[in-house]
Amino acid sequence: MISVLPLKDKNEIKSLFLKHGIEFSENANCVMAKDKEEILGYCLFRIENDEITVFEIEPKNDLLLADGILRSALHNGVCANVAKAFYSQKAPEEIFEKLKFILNRAEKTLNISKLFESCSECQDKNT
């Protein structure tokens with residue numbers, strides 16, 4: 001069974017941030033998808049100043065899994081009373097576009113309200 005949960009170990013989070021060349025801070029967060037002990041993917045993000053910024057998402061080749069991981073990260077933001085979601089300059093914009101999460105490309109904002117809709121892949125299969 002696949003679970004997507006927040007990673008609690010700050011050293012492991014720091015290691016993932018540094019692996020991707022992203023500056024680590026105390027506000028750095030990660031949600032990780034696992035099947036038992038096997039790591040399937042993750043999302044690196046930061047919550048600060050009532051905003052969430054997404055930096056990285058893995059995997060990039062499995063849109064359904066990426067969708068679930070991104071939704072889990074954004075859900076963490078919603079639970080922290082975040083009103084705005086952004087993605088960084090180096091984030092995989094093409095993934096967010098395929099998942100139809102981009103609210104404004106110029107401002108690099110993500111549409112948090114998509115959390116309350118079906119994933120784009122699921123909608124396409126139901127039509």
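## A walk from one salt-bridge network to the sheet

Start by selecting Glu-97: with a relative accessibility of 44%, this residue counts as partly exposed. On that scale, buried is under 20% relative accessible area, exposed is over 50%, and partly exposed is what falls in between, using a 1.4 Å probe and protein chains only.

Before moving on, two housekeeping notes. You're looking at a predicted model, in which local features need pLDDT of at least 70 and side-chain atom pairs count only at pLDDT 80 or more, while totals for chains, interfaces and linings use all residues. Numbering runs from 1 along each chain as its sequence is written, and side-chain values use heavy atoms, with hydrogens and water left out.

**Stop 1: the charged network**

Keep Glu-97 and add Arg-105: their side chains form a salt bridge, 2.3 Å from N to O. Here a salt bridge means a side-chain nitrogen of Lys or Arg within 4 Å of a carboxyl oxygen of Asp or Glu. Side chains of opposite charge can pair when their charged atoms come close.

Now add Glu-93. Arg-105 also has a salt bridge to Glu-93, with the closest N and O atoms 2.7 Å apart. Arg-105 sits in the loop between strand E6 (102-104) and strand E7 (109-110), and Glu-93 is in helix H3 (residues 93-98), so this pair ties together parts 12 residues apart in sequence. Element names come from DSSP runs, numbered from the N terminus: helices are H or I with at least four residues, strands are E with at least two.

Is Glu-93 buried or exposed? Glu-93 is buried, at 18% relative accessible area, whereas Arg-105 is partly exposed at 39%.

Next, bring in Lys-108, another residue of the loop between E6 and E7. Lys-108 makes a salt bridge with Glu-93 at 3.4 Å, N to O. Since Glu-93 is in H3 and Lys-108 in that loop, the pair ties together parts 15 residues apart in sequence. Lys-108 counts as buried, at 17% relative accessibility. With all four selected, you have a salt-bridge network of Glu-93, Glu-97, Arg-105 and Lys-108. The whole structure has 6 salt bridges.

**Stop 2: around Lys-108, and on to the rings**

Show what surrounds Lys-108. Skipping residues up to four places away in sequence, Lys-108 touches Ala-85, Phe-86, Tyr-87, Ser-88, Gln-89 and Glu-93, where contact means heavy atoms within 4.5 Å.

Stay on Tyr-87 and add Phe-96; both residues are buried. A pair of aromatic rings is described by the distance of the centres and the angle of the planes. Rings of Phe, Tyr and Trp (its six-membered ring) pair if their centres lie within 6.5 Å; planes under 30 degrees apart are stacked, over 60 edge-to-face, and the rest tilted. By that rule there are 3 aromatic pairs. Tyr-87 and Phe-96 make a tilted one, 5.3 Å centre to centre with 55° between the planes. Elsewhere, Phe-17, Phe-24 and Phe-55 form one aromatic cluster.

**Stop 3: helix H1**

Phe-17 leads you to H1 (residues 10-19), where Ile-13, Leu-16 and Phe-17 are buried. These residues share a side of H1 because they cover an arc of only 100° around the axis, taking directions from the helix axis to the C-beta atoms. Rotate to the other side of H1 and you'll find Asn-11, Leu-18 and Lys-19 exposed. The cover over the buried residues of H1 includes strand E2 (28-35), strand E3 (38-48) and strand E4 (51-58).

Just past H1, pick Gly-21, which has a positive phi of about 70°.

**Stop 4: the strands**

Colour strand E1 (residues 2-6) along with E2: the two are antiparallel, paired over 5 bridges. Strands count as paired if DSSP finds at least two bridges between them. Pro-6 has Val-31 in E2 as its bridge partner.

Then add E3, which runs antiparallel to E2 and is joined to it by 8 bridges. One place to look is Ala-28, whose bridge partner in E3 is Arg-46. E2 and E3 form a hairpin with 2 residues between them, and Lys-36 in the turn has a positive phi of about 60°.

**Last stop: Cys-43**

Select Cys-43 in E3. How much relative accessible area does Cys-43 have? It comes to 0%, so Cys-43 is buried. Beyond neighbours within four places in sequence, Cys-43 contacts Asn-29, Cys-30, Val-31, Val-54, Glu-56, Ile-57, Ile-69 and Ala-73. To get your bearings, draw a C-alpha to C-alpha distance from Cys-43 to Leu-103: 19 Å in space, for residues 60 apart in sequence.
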